[in-house]
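Visitor: I'd like a close look at one part of this protein, please. Could you take me through its pockets?

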Amino acid sequence: MIRACIFDLDGVLVDTAHYHFLAWKRLANELGFELTPADNEQLKGVSRMQSLDIVLQLGGITATEHEKEVLANKKNAWFNDFVDRMMPEEIFPGVKQLIRELKAKGVKVGLASSSKNAKTVIQLLGIQNEFDAIVDGTMIVNSKPHPEIFLLTAEKLGIVPEECLVFEDAEAGVEAALAAGMKCVGVGSPLQLNRAHEVVAKTADFKITELAKL
Ligand code: G6P
Ligand code: MG
């Protein structure tokens with residue numbers, strides 16, 4: 001029985017995944033190469049520094065630790081330029097309603113995002129008080145596909161992993177949920193997220209009646 005739903009943030013509750021992509025693409029362009037949406041799939045759900053390593057590898061670029069820090073800070077500043085201009089209306093349609101329906105059914109609701117900007121984003125969306133537990137990139141050592149973030153969220157929620165359902169748009173996130181022993185709804189393309197128990201095109205397409213079938 002599912003007693004808790006754990007939501008990823010970027011690409012699941014709001015389209016900040018696109019802002020991350022635009023910021024990484026700008027960095028790649030500045031370094032002299034192109035970053036495609038397909039390349040970007042590898043970055044989803046992965047921490048800032050790990051994402052940078054992947055980007056540099058794609059461009060065939062080596063950098064010192066200090067240079068990496070400068071590049072990561074640049075990318076984060078560009079990402080935050082988008083976030084600063086974000087409107088509460090940017091939350092994906094139907095997401096608030098889904099969270100409310102889950103809570104009304106007595107299902108606990110958690111947030112598990114590898115992003116160190118997660119708290120700022122949910123505050124801007126005005127949903128910071130909707131969650132029974134929040135775990136972000138500042139609270140974990142291992143980023144997805146490691147299960148740490150989901151296990152910590154489940155622990156905070158007081159629900160065993162087997163009774164948790166994760167909503168994820170990233171391949172690394174789906175793997176992390178499975179490694180945690182949780183059920184997973186993929187948000188996006190079934191081709192990309194074929195390891196999830198169920199895939200929906202948009203978060204709000206998930207029907208609460210499915211909970212009993214998972
Ligand atoms: C999420 C996103 C990734 C992002 C990571 C770190 O997992 O899916 O694209 O790189 O968070 O985000 P941050 O805001 O800390 O740089
Ligand atoms: Mg995501």
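Guide: Happy to; we will go through the pockets and then turn to the nonpolar cores. Please keep in mind that this is a predicted model.

Let's begin with the largest pocket, which has a volume of about 480 Å³. It is lined by 30 residues, and those closest to its centre are Val46, Ser47, Arg48, Ser114 and Ser115. Helix H3 (48-58) joins H1 and helix H4 (65-84) in giving two or more residues to this lining, and the largest share, four residues, comes from H3. By character, the lining of the largest pocket divides into 14 polar, eight charged and eight nonpolar residues.

The second largest pocket holds about 400 Å³ of space. Gly11, Lys44, Asp169, Val187 and Gly188 are the closest to its centre among the 22 residues that line it. Here H1 appears again, with helix H2 (37-41): each supplies at least two residues of the lining. This lining has nine nonpolar, seven polar and six charged residues.

Now for the cores. In soluble globular proteins, nonpolar side chains tend to be buried together. The largest nonpolar core in this model has 51 residues, and those with the most contacts inside it include Cys5, Phe7, Leu102 and Phe167. Helix H1 (residues 16-30) contributes the largest share of this core, six residues. Apart from this core lies another, of 21 residues, with Ile6, Phe150, Ala177 and Cys184 among them.

Phe7 is a good place to zoom in: beyond its neighbours within four places in sequence, its contacts include Leu13, Leu98, Leu102, Val109, Phe167 and Thr203.

Notes:
Residues numbered from 1 in each chain as written. Chains lettered and ligands numbered in written order. Predicted model: local features only at pLDDT ≥ 70, side-chain atom pairs only at ≥ 80, totals over all residues. Heavy atoms only, no water. Core = buried A, V, L, I, M, F, W, Y, C linked by side-chain atoms within 4.5 Å. Buried < 20%, exposed > 50% of the residue type's maximum accessible area, 1.4 Å probe, protein only. Contact = heavy atoms within 4.5 Å. 1 Å grid on protein atoms, 1.4 Å probe; cavity = no way out; pocket = protein on both sides within 12 Å on 5 of 7 lines; lining within 4 Å. Points joined across faces, edges and corners; volume = space filled by probe spheres on them. Nonpolar A, V, L, I, M, F, W, Y, C, P; charged D, E, K, R; others polar.
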